[in-house]
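Open your viewer, have the selection box ready, and follow along stop by stop. We will go through enclosed spaces, an open pocket, a histidine and some cysteines.

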Amino acid sequence: SRLLDRATAFYRAEGESLIRRLPVAAYLEHCESRMAQEWERCLAHMQASTADALVARVRAELVQRHVPELLRSGFGVLVEGHKVADLARLYRLFGDVGETQALKAYWAQIVRSTGARIMDAGDAAEASQGVVPRVIQLHRSAHEILKSAFEGSADFGLALKDAFESFLNAGAQTFAAKVLARHIDGALERAITEGSEEFEKSGIDDFLAVFRHLSAKDAFEAFFRRDFARRLLLHRSASVELEELLLQRFRSECGSGYTSKAEGMLRDLRRSKSLLEDFAMDPDAKAAVDEAGVELDILALTAGLWPPQPASGLDVTYPAQVCKLQDMFGAFYKAKQSGRSLTWTPLGGQCTLRACFDGHSRKELVVSVLQALVLLLFNRATQLTVEEIHLAIGMDRGHLHRTLQSLALHKTVKVLIKEAKGREIVAEDVFVVNSGFSHKSYRVVVPHISLKEPQEDEDLAERRVFENRQHEVDAVIVRKMKTVKSLSHEQLVSDVLSVVRFPVQLSELEQRIESLIQREYLERDAKEPAMYHYLA
């Protein structure tokens, strides 16, 4: 007993001294070394029971007494520096004194606060560009610590999952979904030049690791599908096979219904290719294509699967040869697909024009359909006013002004020249071909100005997400009430929240119930206001 008391006093004093002087990693190493020394000394000179008691006293004074200080002043340093070996030592020592729950809670809090700082980036595309890479790096680092330092503890793994879900789904519900969709879109476009091997090897797994923690998976699907459509239509993805691989992984995570629209878009592309091959085999169609001198590429897309097109302002006049091909393909399509109709839209497609400038400089210009319609007019005229272009094409002035600005006012790619200075376009402005146009590449992509800025496009997609959520909540409530006929407010709220696939605030759910009462799907009980009845 006297030996144990003297050891307790000695190691208490040593602990108080060293905890203030040594870095946490060195202190932990010292603790482990001291316990090993005492164990060996006791086994050599004393009974085993004495060794157990003495090492327990050392452990209590050097480790357990200083748990709060070790967590508060040193643990964060080890996590930030990714000191896996030191963290493993800390986990063992804390396990010996029964303090792993405190360690788990502190670790989860560090991950949560680090993630919250990452997510504090603004919503603008440039400000949020680094969010997903930093979240992925945090996820990799945390899982390496979990596996190598915390022995893959299921309890610590659950705490880590909760921490990621907490910071990813805090604040604006759709922010994490939006930046993840942006990041995937950029990665798939970069894979064109950087190669798809790295994307397939680690990129998809990293994306899915973040995706699994999102509560607003419906919002992600909307943002992803919008970008997916643009990549397919404008050929801005490394390969269709890579897109299909990504969809397969999302389907494995969320079921076939989650990816049904995106997979339908791919089926549209395959069906369009088959239709075009059949159309090209028709002798009259082949003769018309040869006469027009074009390489024809037509996509017949299902309206409900693709992003909606503006309902007005797109009644443009195509060149006569193109109109003839449109009419022939329309008749061919109607014969093959009875009950369906075609509506030609120029906003989704693109054209490749061959142009010859001064000095026999030949270029291929990759342009939008609207840009192509404008440029083709200059085959028959050396200069044209805005009003003349408008009358020739029939394009509404908003689209026309944006198209002319993209062709004449870009910093580096100026195919046309606007004679009057300034960015504003008026009816009297005169445009001529930039005969001295030059570019280092033979194939030049001419940028175009979208009808909506990217932020406006995202806002529109977000509004559609919330509208779809309202419809789904309404449907869940009606189905439930139709089955049970009568239900209390508390039980109805509980049942709905257990079914919907996205986060719903209680206030939002109560608004949907009130809306259904106003539309006479439900009614309140006359005597018990907290009871609802279904109205057939």
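What volume does the largest cavity have? It comes to about 60 Å³. A cavity here is a set of points, on a 1 Å grid over the protein atoms alone, where a 1.4 Å probe fits but cannot get out. The grid points are joined across faces, edges and corners, and a volume is the space filled by probe spheres set on the points.

Before you select anything, note that this is a predicted model, in which local features need pLDDT of at least 70 and side-chain atom pairs count only at pLDDT 80 or more, while totals for chains, interfaces and linings use all residues. Residues are numbered from 1 along each chain as its sequence is written, and side-chain values use heavy atoms, with hydrogens and water left out.

**Stop 1: the largest cavity**

Select F220, E221, F224, R225, L247, F250, Y258, T259 and A262, which line this cavity; a lining residue has an atom within 4 Å of a point. Now colour α11 (217–234), α12 (240–254) and α13 (256–280), the elements that each give two or more residues to this lining. Helices are DSSP runs of H or I with at least four residues, strands are runs of E with at least two, and both are numbered from the N terminus. The top contributor is α11, with four residues. By residue class, the lining of the largest cavity holds six nonpolar, one polar and two charged residues. For that split, Ala, Val, Leu, Ile, Met, Phe, Trp, Tyr, Cys and Pro count as nonpolar, Asp, Glu, Lys and Arg as charged, and the others, Gly among them, as polar.

**Stop 2: the second largest cavity**

The count of cavities of 30 Å³ or more is two, and the second largest has a volume of about 40 Å³. To see its lining, select M119, V131, V132, V135, L168, A176, V179 and V210. Two elements, α7 (131–148) and α9 (175–194), give two or more residues to it, and α7 gives the most, with three. The lining of the second largest cavity has eight nonpolar residues, no polar and no charged ones.

**Stop 3: H183**

Stay on α9 and pick H183, which sits in this helix. Is H183 buried or exposed? H183 counts as buried because its relative accessibility is 16%, and buried means under 20% relative accessible area, exposed over 50%, partly exposed in between (1.4 Å probe, protein chains only). Leaving aside neighbours within four places in sequence, show V132, P133, I136, R190 and F207, with which H183 is in contact (heavy atoms within 4.5 Å).

**Stop 4: the second largest pocket**

A pocket is an open set with protein on both sides within 12 Å along at least five of seven lines. The second largest one has a volume of about 350 Å³. Of its 17 lining residues, V79, E80, I110, T114 and L138 lie nearest its centre, so centre your view on those. Elements supplying at least two residues each are α4 (67–80), α6 (100–119) and α7, and α6 gives the most, with seven. The pocket lining divides into eight nonpolar, six polar and three charged residues.

**Stop 5: the cysteines**

How many disulfides are there? The count is zero, with a disulfide taken as a pair of cysteine sulfur atoms within 2.5 Å. Select C323: the nearest cysteine sulfur, that of C351, is 13 Å away. C323 is partly exposed, with a relative accessible area of 28%. Finish at C356, whose sulfur is 20 Å from the closest cysteine sulfur, in C351, and therefore too far for a bond. C356 is partly exposed, at 47% relative accessible area.
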